[in-house]
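Subject: A structure for you to look at

Hello,

Here is the structure I promised to pass on. Please open it alongside this message, and I will walk you through what turned up.

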Amino acid sequence: MRTMELAGAHVPVIGQGTWRMGEDRSARKREVAALRLGIEQGLSLIDSAEMYGEGGAEDVVGEAIQGRRDEVFLVSKVYPHNASRQGVPAACERSLRRLGTERIDLYLLHWRGAHPLAETIEAFERLREQGKIGQWGVSNFDVDDLHELGDNACAANQVLYNPEARAIEFDLLPWQRGRGMPLMAYCPIGQGGELLENAALLEVAHRHQATPAQVALAWVIRGDGVLAIPKALDADHVRQNAAAAALRLSADDLALIDAAYPPAHRKLALEMV
Ligand code: NDP
């Protein structure tokens, strides 16, 4: 699978999300199996957060990566209300315990909250010195927020990005590309909703004997510096998502998608879920 550089490592351009995992004990076996299948298919970056299932998703990830920690690039996130000088290390310890590992490769601030950024960064830097995290980054930050980080070594920004939500193309994405800051695209297949029924995506999918979800993923990762983290429980979905990394969209395909979902021509508010 095509890889890109993220936080000093080479990671696949498609990884695995875990939101909504770890919420229901009876789904656990399936969730663990889906993540393991994903790793086998090359989706070796796993994105989690202390928020998902209030720790439940990290527990699931911990079980899925048992005995394979070295094959996986782990991302997790701290709640904004825990992003204080004392709160960050305590939250990180809890995440490490649930994940069953000694190190999170990339640790993100889930979104901006009330704690001063300088405090959060200081705490992240201490964790980095202690080797408990590889690098740190942010999520749901727009250009102004990223400016406020100054020269600090933010390794990535994770934001909403798919054909239905392309406001970031106006300034955030070029800004990050210009600075070599990778963008992690969340909800890359629109949470499996209406996007997958759009006529343009269906037509492009038909041209490539692919599925609309694969087209959405190929579209999200079509340019440099962007990786997608679809979440999938269904084994067919996992396999499809891995195979999407090899799908190349033509100029005609892109034009059809542009006509259905026009690019932004002015600054719009950062979209979030
Ligand atoms: P996604 O866009 O990844 O969509 C997930 C949904 O799509 C699930 O219902 C899944 O079904 C379905 N699906 C997956 N693959 C396919 C496929 N090939 N064909 C058809 N349907 C498919 O939405 P998410 O909200 O999960 O976003 C992805 C990840 O991004 C999250 O899991 C999380 O890790 C991260 N995230 C981060 C946020 C942030 O604030 N930083 C906010 C939101 C998400 P099934 O599971 O049944 O296979």
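To begin with the interior: 57% of the 273 residues of the protein chain count as buried. Please keep in mind that this is a predicted model.

The chain as a whole

The secondary structure of the protein chain amounts to 10 helices and 9 strands. Its radius of gyration is 18 Å, close to the 19 Å that the globule rule gives for 273 residues, so the chain is as compact as a globular protein of that length. Along the principal axes, the C-alpha atoms fill a box of roughly 50 × 45 × 30 Å.

If you take the contacts between residues at least 6 apart in sequence, 77% of them join residues at least 24 apart. On the outside, the accessible surface comes to about 11900 Å², and carbon and sulfur atoms account for 47% of that. The chain carries 29 positive and 38 negative charges, and the mean positions of the two sets are 3 Å apart.

The first hairpin

Now to the start of the chain. Strand S1 covers residues 3–6, and it runs antiparallel to strand S2, residues 9–12, with 4 bridges joining the two. In a regular strand, side chains alternate between the two faces of the sheet. In S1, Met4 and Leu6 make up the covered face, while Thr3 and Glu5 make up the uncovered one. Across the pair, Leu6 stands opposite Ala9 in S2. The hairpin has 2 residues between its strands, and Ala7 takes a positive phi near 50° there.

Two more positive phi values

Most residues other than glycine have a negative phi, so the next two residues are worth a look. Glu54, in the loop between strand S3 (45–47) and helix H2 (56–64), has a phi near 45°. Glu54 is also exposed, with a relative accessible area of 58%. Gln191 lies in the loop between strand S8 (183–186) and helix H7 (199–208), and its phi is near 55°. With a relative accessible area of 54%, Gln191 is exposed as well.

A covered helix

How many residues of helix H8 are buried? The helix spans residues 212–220, and 9 of its 9 residues are buried. Among them are Pro212, Gln214, Leu217 and Trp219. The cover over these buried residues includes strand S8, helix H7, strand S9 (226–228), helix H9 (235–243) and helix H10 (251–260).

One residue in strand S8

Strand S8, part of that cover, also holds Leu183. Is Leu183 buried or exposed? Leu183 is buried, because its relative accessible area is 0% and the cut-off for buried is under 20%. Leaving aside residues up to four places away in sequence, Leu183 touches Asn157, Val159, Ile168, Leu173, Gln176, Gly225, Val226 and Leu227. One of these, Val226, is 43 residues from Leu183 in sequence, yet their C-alpha atoms are 4.8 Å apart in space.

If you would like a place to start, try the hairpin of S1 and S2, then turn to H8 and its covering elements.

Best wishes

Key: Residues numbered from 1 in each chain as written. Predicted model: local features only at pLDDT ≥ 70, side-chain atom pairs only at ≥ 80, totals over all residues. Heavy atoms only, no water. Buried < 20%, exposed > 50% of the residue type's maximum accessible area, 1.4 Å probe, protein only. Pairing = 2+ DSSP bridges. Rg over C-alpha atoms; globule rule 2.2 N^0.38 Å. Contact = heavy atoms within 4.5 Å. Areas by Shrake-Rupley, 256 points an atom, 1.4 Å probe, with all protein chains shown as cover. Lys, Arg positive; Asp, Glu negative; His and termini not counted. Charge placed at Lys NZ, Arg CZ, Asp CG, Glu CD.
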